[in-house]
Amino acid sequence: MTPPVTTPAIGAATSPVATHCPYCALQCGMTIGADLAITPRTDIPANAAGALCQKGWTAAELLTNGERLTTPLLYGRPASWERALDHVAARLSAIRAEHGPDAVAVFGGGGLTNEKAYQLGKLARVVLGTSQIDYNGRFCMSSAAAASIRAFGMDRGMPFPITDLAEADVVLLAGANVAETMPPFVRHLPAGKLIVVDPRRTPTARPAWLHLQPTPGTDLALALGLLHLAVGEGLVDEPYVAERTSGFEEVRTSLASWWPERVERITGVPVPRMRQAVRALAAAGRAVVLTGRGAEQHAKGTDTVTAFINLALALGLPGRHGSGYGCLTGQGNGQGGREHGQKADQLPGYRSIDDPAAREHVAAVWGVDPGDLPGAGRSAYELLDALGTPAGPRALLVFGSNPVVSAPRSAHVAGRLGALDLLVVADVVLSETAALAEVVFPVTQWAEETGTMTNLEGRVLLRRRAVTPPPDVRTDLEVMQGLAARFGHRFAADPREVFDELRRAGAGGPADYSGITYERIEEEKGVFWPCPAPGHPGTPRPFLDGFATPDGRARFVPVEHRPPAEETDDDYPVHLTTGRVLAHYQSGAQTRRIGPLAEAVPEPYVELHPDLAEQLEIVAGDLVRVCGRRGEEQVVARISDAIRRDTVFMPFHWEGANRLTNPALDPLSRMPEFKVCAVRVERIA
């Protein structure tokens, strides 16, 4: 389908408007001028030094992009809003009548504002009556969230302000390339010792004091080896363990077989480097352990993060000022997106959908019977995999996501989308997913609407409308309002009104926003949750006086390493790992349309070590075929000694890399194994 291509008329604000970047979870502060000029703010801690990355500096080009959708599309042709909404409502009603409520599914995104995430969960459960709702954050932070809840009783990505990092003597960064994914973050890292765990010598790893370069899929073994060394060398903070934790003896016993030499054979990390890392962390007055997607996006991601949390607990780090464990949230609202109900098993306030008290509280706010609320549905990949099958959903509404590019085994996912009776997508541009849709709703974007975002610290921020959207474009909240009205429900479309309802629905839950208002956020430049009352100061460091467990103690959990779900063999002899590059973001639907960013990295590629390239008779610039068990892709070769000899790397911002990745799921978080699969690389003659 081909949408009308126009340059939308943008009405800029008459004076500069203070808002936030449309991209990652730092949510850097920026000001948009009357001429759409971007100026970094200095009053937001994430980028208080006035820093922005190249994506932030070019963000205004999103507002004038010629590929912008400006009218609803029905079967690929322009349609009025009334006709498009009526069509969707009629089709949904017919599908529900024939197949039941769970024949309709909803798929959200970690970039949606808190208000949209909340309203999307309410739309699914109250209006459509379906349990089938999940979101792309399941592909990002879910393993770290599951591990944090298991250990601390609560998941708040970084349970301390980002400014605490600069006070640390040592930071261990496992599986995160912040120099490319969120460059202003680097300014918060300590000037002293940075330890990076990554199979590639990334721009983050290059200047690090110590780089541990494990085989992909072996981070869990490495974490076990580090803790074994801490125990063996008497580095455990025994008074802290006794006073503030439970379960350590079982973990201590489980470490017996993880002696350093065995770990070196599995991971490829030399024992002396492991000793350096553990001794530096233990000797530090203040130390922080951080994990990112590299450690988490595995079929054992929850256990891998748990192992790093166990290490941090053994060294006495969590719940101390300037020390601790944290997860680096990736998507712009990846933290808030998992708190307000667009995840299959959650209700607003980060409550469990299976908790009778939570159901009763939220149902009262929504004015429905608790028994009418559906239970937990399928996780993200399981939901996508079930689309169009006899027992699966027949219709799907997508808000703020592009699973044709971002889902594992993505060609299969595209096929499942094609098997639906109805696909509806709300987006800013005609993404690869929107191109398959029967109905496409053109919606506003970051600077054209107001709403709250919760950044990687758990700081709730206010992203303000700075420009007038094109005339025939609506907000996601207005789209949901229009759909709800056609089913006899009144939904608010004003973000402040929705936020006030969110506060009531989430009150008393782990992620309690009830004391947060737009006025407070503006005055205080952000408020940390939990904030349970108007007079409450917010909670920058929630674990200083105790953890969110029934007894206030953090829990050690014994875990065991296991190989990747898919190992290499003679047919597929090298590991593939994936990730982001500096110029692009997520599925690339935004950044691939921005001239300077597209010019910086115009196409997908595969990165090979020189030794592997020589063995395969490949030189830089060759067109090569990357073959896996789920498909193959043709890309250009890049040669770099930053990658391991047994590993290749592909960025995931284009269709391609995720056609190869493995949908094997973590048993607890249901996170797919994006970060390691087996492939073969061939030069194309």
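These legends walk through several close-up views of one predicted model.

**View 1. Helices α14 and α19 pack against each other.** Welcome to the first helix pair: α14 covers residues 356-366 and α19 covers residues 495-506. Their axes lie 8 Å apart and meet at an angle of about 150°. That angle makes α14 roughly antiparallel to α19. The crossing of α14 past α19 is right-handed. To find the contact, look on α14 for His361, Val362, Val365 and Trp366, which meet Glu501, Arg504 and Ala505 of α19. By class, the residues of this contact between α14 and α19 are 4 nonpolar, 1 polar and 2 charged.

**View 2. Helices α9 and α10 form a second packed pair.** Here α9 (residues 260-267) packs with α10 (residues 271-283), with axes 9 Å apart and an angle of about 110° between them. The two helices, α9 and α10, are therefore roughly perpendicular to each other. The crossing of α9 and α10 is right-handed. From α9, the contact takes in Pro260, Glu261, Val263 and Glu264, while α10 brings Val271, Met274 and Arg275. Sorted by class, the contact of α9 with α10 has 4 nonpolar and 3 charged residues, and no polar ones.

**View 3. Strands β2, β3 and β4 make an open sheet.** The 3 strands run in the order β2-β3-β4, with antiparallel pairing. At the edges sit β2 (17-20) and β4 (38-40), each of which pairs on one side only. On average, neighbouring strands of this sheet are turned by 35° against each other, direction ignored. A handy place to start is the join between β2 and β3 (residues 29-32), where 4 bridges link the antiparallel strands. There, Thr19 stands opposite Met30 of β3.

**View 4. Phe139 sits in a loop and is buried.** Phe139 belongs to the loop between β8 (133-135) and α4 (142-152). Is Phe139 buried or exposed? With a relative accessibility of 3%, Phe139 counts as buried. Setting aside its neighbours within four places in sequence, Phe139 is in contact with Phe107, Gln297, Ala380, Tyr381, Leu384, Ser406, Ala407, Pro408, Met671, Pro672 and Phe674. One of these contacts, Ser406, is 267 residues from Phe139 along the chain, yet the C-alpha atoms of the two are separated by 8.5 Å.

**View 5. Thr568 is a partly exposed loop residue.** Thr568 can be found in the loop between β24 (554-555) and β25 (574-579). Its relative accessible area is 31%, so Thr568 is partly exposed. Leaving out neighbours within four places in sequence, Thr568 is in contact with Pro573, Val574, His575 and Ala678. How far apart in space are Thr568 and Val679, C-alpha to C-alpha? The answer is 7.5 Å, although Thr568 and Val679 are 111 residues apart in sequence.

**View 6. Strand β29 is covered on both faces.** In β29 (residues 647-651), 5 of the 5 residues are buried. Thr647, Phe649 and Pro651 are buried on one side of β29, and Val648 and Met650 are buried on the other. In a regular strand, side chains alternate between the two faces of the sheet. The partner strand in this view is β25, which pairs with β29 in the parallel sense over 5 bridges. To line up the two strands, start from Thr578, whose bridge partner in β29 is Met650.

**View 7. Strand β18 pairs with β17 and with β19.** All 6 of the 6 residues of β18 (residues 422-427) are buried. One side of β18 holds Leu422, Val424 and Ala426, and the other holds Leu423, Val425 and Asp427. Strands of a sheet pair through backbone hydrogen bonds, either parallel or antiparallel. Which way do β17 and β18 run, parallel or antiparallel? Strand β17 (residues 395-399) runs parallel to β18, and 5 bridges join them. Within this pairing, Val398 stands opposite Val425 of β18. Strand β19 (residues 439-442) also runs parallel to β18, joined by 4 bridges. As a landmark here, the bridge partner of Val424 in β19 is Val439.

Notes
Residues numbered from 1 in each chain as written. Predicted model: local features only at pLDDT ≥ 70, side-chain atom pairs only at ≥ 80, totals over all residues. Heavy atoms only, no water. Axes fitted to C-alpha atoms, helices over the stretch in contact; angles between N-to-C directions. Parallel < 35°, antiparallel > 145°, perpendicular 65-115°, else oblique. Left-handed = near helix turned anticlockwise from the far one by under 90°. Contact = heavy atoms within 4.5 Å. Nonpolar A, V, L, I, M, F, W, Y, C, P; charged D, E, K, R; others polar. Pairing = 2+ DSSP bridges. Buried < 20%, exposed > 50% of the residue type's maximum accessible area, 1.4 Å probe, protein only.
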